[in-house]
Amino acid sequence: MSEFQENKILDEGDILIPEDRNAVESLWVDAVMPYTISSELAHREVDILSAFKMISDVSCIRFRPHTIEHNYLTIQNGKG
């Protein structure tokens with residue numbers, strides 16, 4: 001096994017991915033996730049913030065509005 005393959009697991013038989021896939025620790029410092037809510041969803045902001053609170057109440061994840069962070073969530077209308 002090469003040095004590149006250390007600490008990786010195989011997915012679909014040939015895709016090397018890190019074994020520790022914790023995006024909270026690797027993308028969002030201190031589990032604080034900056035976010036934006038698109039203007040087309042302004043009428044749903046109360047619902048979105050309520051969902052954020054539900055997640056925060058049972059986990060270490062906290063949400064705050066995006067300012068200058070490189071990594072952040074964008075909540076927008078879509079098909080997915």
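How many helices and strands are there in the protein?

## Overall make-up

In this predicted model, the protein has 2 helices and 5 strands. Read from the N terminus on, these elements follow one another in the order β-β-α-β-α-β-β.

Of the 80 residues in the protein, 19% are buried, and the surface that the protein exposes comes to about 6600 Å², with carbon and sulfur atoms supplying 52% of that area. Among the contacts between residues at least 6 apart in sequence, 56% join residues that are at least 24 apart.

## The three-stranded sheet

An open sheet of 3 strands is present, and its strands are arranged in the order 4-3-5 with parallel pairing. Strand 4 and strand 5 are the edge strands of this sheet, since each of them pairs on one side only. From one strand to the next, the twist averages 40°. As a general matter, the strands of a sheet pair through backbone hydrogen bonds, and the pairing may be parallel or antiparallel.

Strand 3, which covers residues 32-37, pairs with strand 5 in the parallel sense over 3 bridges, and within this pairing Tyr35 has Leu73 of strand 5 as its bridge partner. Strand 3 also pairs with strand 4, again in the parallel sense, over 4 bridges; here Val32 stands opposite Arg62 in strand 4.

## The β-α-β unit

Which elements make a right-handed β-α-β unit? The unit is made by strand 3, helix 2 (residues 45-57) and strand 4, and the two strands of this unit are also joined directly by the 4 parallel bridges between strand 3 and strand 4.

## Glu69 and its surroundings

Glu69 is found in the loop that lies between strand 4 (residues 62-65) and strand 5 (residues 73-75). Is this residue, Glu69, buried or exposed? Its relative accessible area is 17%, and because buried means under 20% relative accessible area, Glu69 counts as buried.

Two polar partners of the Glu69 side chain can be named. The side chains of Glu69 and Arg64 are joined by a polar contact of 2.7 Å, while the backbone nitrogen of Thr67 lies 2.8 Å from a polar atom of the Glu69 side chain. When residues up to four places away in sequence are not counted, Glu69 touches Pro34 and Arg64. Pro34 falls within strand 3, given as residues 32-37, and Arg64 falls within strand 4, given as residues 62-65.

How values were computed
Residues are numbered from 1 along each chain as its sequence is written. This is a predicted model: local features need pLDDT of at least 70, side-chain atom pairs count only at pLDDT 80 or more; totals for chains, interfaces and linings use all residues. Side-chain values use heavy atoms; hydrogens and water are left out. Buried means under 20% relative accessible area, exposed over 50%, partly exposed in between (1.4 Å probe, protein chains only). A polar contact is a pair of N or O atoms within 3.5 Å; within protein, one must be able to donate a hydrogen and the other to accept it, and residues adjacent in sequence count only if both atoms are side-chain atoms. Contact means heavy atoms within 4.5 Å. Two strands pair if DSSP finds at least two bridges between them. Axes are lines fitted to C-alpha atoms, for helices over the stretch in contact, and angles run from 0 to 180 degrees between N-to-C directions. A crossover is right-handed if, with the strands pointing away from the viewer, the path from the first strand over the helix to the second runs clockwise. Accessible areas come from the Shrake-Rupley method with a 1.4 Å probe; for residues, only the protein chains shown count as cover.
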